[in-house]
Amino acid sequence: MRILALILCIIPLFASGEEIVLGMSQDEVAITATFDGSNILVFGAIKRESAIPEGELGVIVTIAGPSEPVAVHRKERRFGIWVNTDTVEVDAAPSFYAIATSAPMDRILKDTEDLRHQISIERAIRSVGAPMTITDAPAFTDAVIRIRKSQDLYKRTENSVLLDQETLFRTSVDMPANLTEGDYFTRIFLTRDGKVVSEFETTIDVKKVGLERFLYNLSHQQPLVYGLLSLAIAILAGWLASSFFRMIRGM
Amino acid sequence: MQIYLPIAEVSVNIFLLLGLGGIVGVLSGMFGVGGGFLMTPLLFFIGIPPAVAVATEANQIVASSFSGVLAHFRRKTVDFKMGTVLLIGGLTGAAVGVVIFNYLKAQGQVDLLVKLCYVVFLGVIGSLMFVESLNALRKSRKKATVTTTRRQRGWMQALPFKTRFRTSGLYISVLPPLVVGLFVGILSAIMGVGGGFIMVPAMIYLLGMPTKVVVGTSLFQIIFVTGFTTLLHATTNYTVDMALAVLLLVGGVIGAQIGTQIGTRLRAEQLRILLAMMVLAVCFKLALDLLIEPSELYSIGAAGGH
């Protein structure tokens, strides 16, 4: 129902005659004990009532994990040792962000459109107030992107969306093993000559299941029971190992 | 084979965790140290969030210490009376340490202070122990019969509340062990470890306990201190990862048994010299981290002032 409502909202905004019809291999990622990353196939078609319009067609797919504020520390040498000196709080940085495009980003998306829709990684991170003492605040946002790119959490793969006859498109997005839980906001943009002509939004639900869910819930809802259970396991394991080794030596 | 950890929210290799647990367990059984000062940095290194690493490590130490202490208990090398006195001091110290820790946290820079604490204490204790045990080793080589010269601590003998610690063969006041326990408790709360690597040398050099008894007694009191810490972390920060703890402790308890066996076959001086070398190696690594320019100057932390 939510998706339907979104479509109904979007249609009047984009009266250009092109519209996205989407399919997805899954709208849920279940994190089990053996979770080792996932691969999501995003595919769809462009629906038109009239002939194919002029201009270069572009498709951009973004998947964003839950956003949360992070503190970014910078080290400097003081008295011969490296210590954290400056800290900037970035107001909202997605825990995961993947962009897949059908052509180089700067060719199919204008800067003004990027600014409006916040598509590129740089735009998806929001940082408003750095302390007055810090003059190079953008360096801290860049650091977040650099660190998370190296952890495979942020990625931009250009030319990875395959376009067929200006109508069908598909791409696959790799989700790494170190995912956090939450709603992963997925957007698909259709551009003509760098301008967004159609947009489609949906969410992928990433959540822990089974034992993972049980342990997580227990640790938050019954912390004392969870703590005592952890201790009991530790004591039991210690005792078992001790008696087991004694048995071996006894033989 | 990978496993996704429910609290840490990262995926790691099962055999890596079992191996790490095993190695640290061997050291724990050999020297009577919990191994937290080794394991916690190792967990950071494989990508476990620091808060989860510290809390879960405490839980794992409970398991390996318990496994180790049972072996010592059967050999009657645990001084329960001394352990209890140290523990009373230790828990009081831990409470004081938490207050100090929170104060430092409010001032910022707590990470740096913890690291400096590590470097200073590991460095001092490691060097002292290394030199002392090297001398002892030389002396025992020269003379076939080792004459144990018990140093007389004049002022310590004068203290009130004298008690007989039968297992340790000591007749001393309860005040020195209480103070040692308190001091170690404070440090272990600040540094987030069981404190075995400080406690063991303190028992040998300050209290004059025999090395064989020291290891079991140290393990005995570590169980309670780290058990307390585990509960504290589980109820306030929700950072104990049971899946991670189980994997680490399976390796850990087996390692602790093997370590205890190795420990009984080595001479006391050799045991001390090995522990000293290990402590110095960790100290050296931490000092390098502070002195050498890191390849990434920026780091991402949780928002909210720390």
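**Exercise 1.** Which residue in S10(A) is the bridge partner of A:Leu41?

*Solution.* This is a predicted model, in which local features need pLDDT of at least 70 and side-chain atom pairs count only at pLDDT 80 or more, whereas totals for chains, interfaces and linings use all residues. Residues are numbered from 1 along each chain as its sequence is written, and chains are lettered from A and ligands numbered from 1 in the order in which they are written.

Step 1. Locate the two strands: S3 covers residues 38-48 of chain A and S10 covers residues 168-175 of chain A. Strands (E, at least two residues) and helices (H or I, at least four) are DSSP runs, numbered from the N terminus.

Step 2. Establish the pairing. Two strands pair if DSSP finds at least two bridges between them; S3(A) and S10(A) run antiparallel and are joined by 8 bridges.

Step 3. Read off the partner: A:Leu41 is bridged to A:Ser172.

**Exercise 2.** Determine the strand order of the open sheet with antiparallel pairing in chain A, and name its edge strands.

*Solution.* Step 1. The 4 strands follow the order S1-S3-S10-S9.

Step 2. Strand S1 (18-24) and strand S9 (162-164) of chain A are the edge strands, as each pairs on one side only.

**Exercise 3.** Explain why one side of S2 and of S8 in chain A is left without a neighbour in the sheet.

*Solution.* Step 1. Write the order of this open sheet of 6 strands, S2-S12-S11-S4-S7-S8 (chain A), with mixed pairing.

Step 2. Strand S2 (28-31) and strand S8 (154-157) stand at the edges with a single partner strand each, so one side of each has no neighbour in the sheet.

Step 3. Examine one edge: S7 (residues 97-101) of chain A pairs with S8(A) in the parallel sense over 4 bridges, and A:Ala98 is placed opposite A:Lys155.

**Exercise 4.** Compare the expected span of helix H5 (residues 137-150) of chain A with the distance between its end C-alpha atoms, and describe its buried side.

*Solution.* Step 1. The expected span is 1.5 Å times one less than the number of residues; for the 14 residues of H5(A) this gives 20 Å, and the end C-alpha atoms are 21 Å apart, which agrees.

Step 2. A residue is buried if 20 or more other C-beta atoms lie within 10 Å of its own, exposed if 12 or fewer, and partly exposed in between, with C-beta atoms placed from the backbone. In H5(A), A:Phe140, A:Ala143, A:Val144 and A:Arg148 are buried.

Step 3. The face turned away from the buried side of H5(A) carries the exposed residues A:Pro138 and A:Ser150.
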